[in-house]
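Got your viewer open? Let's take a walk through this model together, one selection at a time.

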Amino acid sequence: MSFNGFQPSDFEVFNVPGLEPRMEALIEKVRPKLEILGSEIAPYLSALCGEEMYVHVAKHARRTVNPPDDTWVAWAANKRGYKALPHFQVGMFGTHLFIIFAIIYESPNKTVFAKHLEASSKQIKKDLPDQFYWSMDHMNPAGTRQSELKVEDFIAMANKLKSVKKSEVLCGLQIDSKDPILQDGDKLITTIQSTFDKLLPLYKKAF
């Protein structure tokens, strides 16, 4: 099957109340699309990174009470899991799609990346698009646009990555759930690939 994008109704699954009903909606409507997208992007990302990148679709298996507020597909250089490694994600909250590079709290690579972030903050700010956003909490749908960040903010993020055990960092692009590009599979794949191209230097400096 080819990837046909996401419809506004796909984002409405996050309005379904209750854990089991929401999971049923996610499994029926959204997860198959994430699985197809994962397979579509994996060869491109593997070539880009110079190593095989494996697909990991969120299962939300640990949840017992609260329904998920987001879902995603991740790519990482490990077949067994992605959370301990720097990785790429495409996912969605009810309000938007996100296309990101991420190092979450379980990864020991945080300190490696923190040193790069601290030493190269001016260059990072110069090289990445202003419309990209940064966040230090993958569970928060918000974030701060790069255009609003100063060099000191990058250094503060680096210091937090080095000193706070549960810290994490992510950077990338947000696309509003009603943006027509999401409904065009080919255009969305091109946008994802272009975004990962721009994020690749961050990924490379996390090892």
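Start with the contacts in the protein between residues at least 6 apart in sequence: 62% of them join residues at least 24 apart. Keep in mind as you look around that this is a predicted model.

**Stop 1: the whole chain**

Show everything as a cartoon. You'll find 6 helices and 7 strands in the protein. Follow the chain from the N terminus and the elements come by in the order α-α-β-β-β-β-α-α-β-β-α-β-α. The radius of gyration is 17 Å, close to the 17 Å the globule rule gives for 207 residues, so the protein is as compact as a globular protein of that length. If you draw a box along the principal axes, the C-alpha atoms fill roughly 45 × 35 × 35 Å. Now switch on a surface: of the 207 residues, 48% count as buried.

**Stop 2: helices α2 and α6**

Select residues 19–49, which is helix α2, and then residues 185–204, which is helix α6. How do these two meet? Their axes come within 11 Å and cross at roughly 40 degrees, which means α2 is oblique to α6. The crossing of α2 past α6 is right-handed.

Show side chains where they touch. On the α2 side, pick L37, E40, I41, Y44, L45, L48 and C49. On the α6 side, pick I189, I192, Q193, F196, D197, L200, Y203 and K204. Color that set by class and you get 11 nonpolar, 1 polar and 3 charged residues.

Stay with K204 for a second. Is K204 buried, partly exposed or exposed? Its relative accessibility is 42%, so K204 counts as partly exposed. Now add P86 to the selection: P86 and K204 are 118 residues apart along the chain, yet their C-alpha atoms are separated by 9.1 Å.

**Stop 3: strand β3, at both ends of the view**

Next, select residues 87–93, which make up strand β3. Zoom in on F88, which lies in this strand. Its relative accessible area is 0%, so F88 is buried. Leaving aside residues up to four places away in sequence, what does F88 touch? The neighbors are L45, C49, M53, V73, A74, W75, I100, F101, F196, L199 and Y203. Some of those should ring a bell: L45 and C49 belong to the α2 side of the contact you just looked at, and F196 and Y203 to the α6 side.

Slide along the strand to F93, also in β3. At 6% relative accessibility, F93 counts as buried. Its contacts, again skipping residues up to four places away in sequence, are F11, F14, D69, D70, F98, H138, M139, N140 and P141. Try a distance label here too: the C-alpha atoms of F93 and T71 are separated by 7.0 Å, with their positions 22 residues apart along the chain.

**Stop 4: helices α3 and α5**

To move on, draw a line from F88 to F113. They are 25 residues apart in sequence and 15 Å apart in space, C-alpha to C-alpha. F113 is one of the α3 residues that meet α5, so let's look at that pair. 

Select residues 110–119 for helix α3 and residues 151–163 for helix α5. The two pack at an angle of about 160 degrees, with their axes 8 Å apart. That makes α3 roughly antiparallel to α5. This time the crossing is left-handed.

Turn on the side chains at the contact. From α3 you want K110, T111, F113, A114, L117 and E118. From α5, take F154, I155, M157, A158, N159, L161 and K162. By class, these residues divide into 8 nonpolar, 2 polar and 3 charged.

While you're in α3, click on H116, which is found in this helix. H116 counts as buried, at 14% relative accessibility. Beyond residues up to four places away in sequence, H116 touches S121, I124 and K205.

**Stop 5: a loop residue with an unusual backbone**

Last, find H60 in the loop between β1 (54–57) and β2 (70–76). Is H60 buried or exposed? With a relative accessible area of 13%, H60 is buried. Now check the backbone: H60 has a positive phi of about 55 degrees although it is not a glycine. Most residues other than glycine have a negative phi.

Technical notes. Residues are numbered from 1 along each chain as its sequence is written. This is a predicted model: local features need pLDDT of at least 70, side-chain atom pairs count only at pLDDT 80 or more; totals for chains, interfaces and linings use all residues. Side-chain values use heavy atoms; hydrogens and water are left out. Helices (H or I, at least four residues) and strands (E, at least two) are DSSP runs, numbered from the N terminus. Buried means under 20% relative accessible area, exposed over 50%, partly exposed in between (1.4 Å probe, protein chains only). Axes are lines fitted to C-alpha atoms, for helices over the stretch in contact, and angles run from 0 to 180 degrees between N-to-C directions. Angles under 35 degrees count as roughly parallel, over 145 as roughly antiparallel, 65 to 115 as roughly perpendicular and the rest as oblique. A crossing is left-handed if the near helix is turned anticlockwise from the far one by less than a right angle, and right-handed if clockwise. Contact means heavy atoms within 4.5 Å. Ala, Val, Leu, Ile, Met, Phe, Trp, Tyr, Cys and Pro count as nonpolar, Asp, Glu, Lys and Arg as charged, and the others, Gly among them, as polar. The radius of gyration is taken over C-alpha atoms; the globule rule is 2.2 Å times the number of residues to the power 0.38.
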